[in-house]
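Hi,

Here is the structure I said I would pass on. Have a look at it first, and then read my notes below.

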Amino acid sequence: MKRNVLIFGLILGTILAGNMVYMVNRMYANPDLETNDIVGYAAMVIVLSLTFFGIRNYRNKQLNGVISLGKAFKTGALIALVGSTVYVVVWLFYYYLFVPDFIDQYTVCVLNEAGRDGATASELAAKTEEMAQLKEMYKSPFFVVLISYAEVLPIGLVVAFISALILKKKPAAIATY
């Protein structure tokens with residue numbers, strides 16, 4: 001199981017991290033670009049769906065096509081954890097070494113979008129305060145790790161559970177005569 005979890009988790013993490021770097025670079029290249037959280041999370045769900053294939057591969061190749069719900073979820077959760085850890089580690093290096101002004105840039109994007117959506121002056125002020133709090137929290141590497149895991153791991157666990165429900169398979173009953 002360890003090999004399967006590592007292979008699928010590393011593939012998953014690499015794709016997640018690559019997508020994250022691409023999206024951050026897009027934001028830097030065009031701060032007026034409309035952000036779309038729904039599209040971002042949909043992309044994460046699609047990428048995290050690789051967990052399904054990791055569980056299926058483990059079930060079919062190492063367990064002779066049989067897996068319990070618990071074992072399937074454990075395998076999927078571990079794949080999601082490895083992938084999320086790769087994502088978090090890449091983000092830490094990328095943030096601290098290449099985009100330490102990310103929160104400032106992100107704030108510009110968020111406020112631009114709020115303005116396009118017709119936010120009032122008080123709503124813009126509240127959003128500005130919210131972003132200032134985020135910037136303050138982002139000074140702590142511990143918080144950066146927590147928020148990064150919170151972006152990806154819960155979705156990964158949901159996908160792992162759904163995949164486990166789909167892939168669980170009991171051994172065939174042996175007919176006795």
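**Notes on the aromatic pair, the cores and two helices**

Let me start with a pair in helix H5 (residues 102–116): Phe102 and Tyr106 are four residues apart there, so about one helical turn separates them. Keep in mind throughout that this is a predicted model. The rings of Phe102 and Tyr106 make a stacked aromatic pair, with 5.6 Å from centre to centre and 10° between the planes. Their surroundings are not alike: Phe102 is buried, at a relative accessible area of 12%, while Tyr106 is partly exposed at 27%.

That pair belongs to a wider set. The count of aromatic pairs comes to ten, and ring pairs link Trp91, Tyr94, Tyr95, Tyr96, Phe98, Phe102, Tyr106, Tyr138 and Phe143 into a cluster.

**Confidence**

Before going further, a word on pLDDT. The chain averages 89, and 94% of the residues score at least 70. Among the elements, H4 has the highest mean pLDDT, at 96, and H2 the lowest, at 77. As a general caution, where pLDDT is low the predicted coordinates should not be read in detail.

**Helix H5**

Back to H5 as a whole. H5 has 15 residues, and the distance from its first C-alpha to its last is 21 Å, close to the 21 Å expected at 1.5 Å a residue. Its buried residues are Phe102, Ile103, Gln105, Thr107, Cys109, Val110, Glu113 and Ala114; note that Gln105 and Glu113 are on that list. The buried residues of H5 pack against H1, H4 and H6. After the helix comes Gly118, with a positive phi near 85°.

**The cores**

Which residues have the most contacts inside the largest nonpolar core? They are Leu16, Leu48, Trp91, Tyr95, Val99, Phe102 and Tyr138, in a core of 30 residues. At least two residues of this core come from each of helix H1 (2–29), helix H2 (37–48), helix H4 (69–97), H5, helix H6 (121–137) and helix H7 (141–167). There is also a second, separate core of seven residues, among them Tyr58, Ile67, Ala164 and Leu167. As a rule, nonpolar side chains tend to be buried together in soluble globular proteins.

Tyr138 is a good place to zoom in. Neighbours within four places in sequence aside, Tyr138 is in contact with Trp91, Tyr95, Tyr96, Ile103, Phe143, Val144 and Ile147. Trp91, Tyr95, Tyr96 and Phe143 also appear in the ring cluster, along with Tyr138.

**Helix H3 and its contacts with H7**

Now for H3 (residues 50–62). At 1.5 Å a residue, its 13 residues should span 18 Å, and the end C-alpha atoms are indeed 18 Å apart. The buried residues of H3 are Thr51, Phe52, Gly54, Ile55, Tyr58 and Arg59. They cover an arc of only 165° around the axis, so they sit on the same side of H3.

Phe52, in helix H3, is worth selecting. Apart from neighbours within four places in sequence, Phe52 is in contact with Ser163, Ile166 and Leu167. Phe52 and Ala160 are 108 residues apart in sequence, yet their C-alpha atoms are 6.9 Å apart. Ser163 lies in helix H7 and is buried, with a relative accessible area of 5%. With the same sequence neighbours left aside, Ser163 is in contact with Phe52 and Ile55.

Phe161 is also in helix H7. Is Phe161 buried or exposed? Neither, as Phe161 is partly exposed, with a relative accessible area of 39%. Its C-alpha is 20 Å from that of Tyr87, which is 74 residues away along the chain.

**A residue to check**

Last, Asn64, which follows H3. Asn64 has a positive phi of about 55° although it is not a glycine. Its place is in the loop between H3 and H4, and at 72% relative accessibility Asn64 counts as exposed.

That is all from my side.

Cheers

Technical notes:
Residues numbered from 1 in each chain as written. Predicted model: local features only at pLDDT ≥ 70, side-chain atom pairs only at ≥ 80, totals over all residues. Heavy atoms only, no water. Expected span 1.5 Å × (residues − 1). Buried < 20%, exposed > 50% of the residue type's maximum accessible area, 1.4 Å probe, protein only. Arc of directions from axis to C-beta. Phe/Tyr/Trp six-rings, centres within 6.5 Å; stacked < 30°, edge-to-face > 60°. Core = buried A, V, L, I, M, F, W, Y, C linked by side-chain atoms within 4.5 Å. Contact = heavy atoms within 4.5 Å. pLDDT = per-residue confidence, 0-100.
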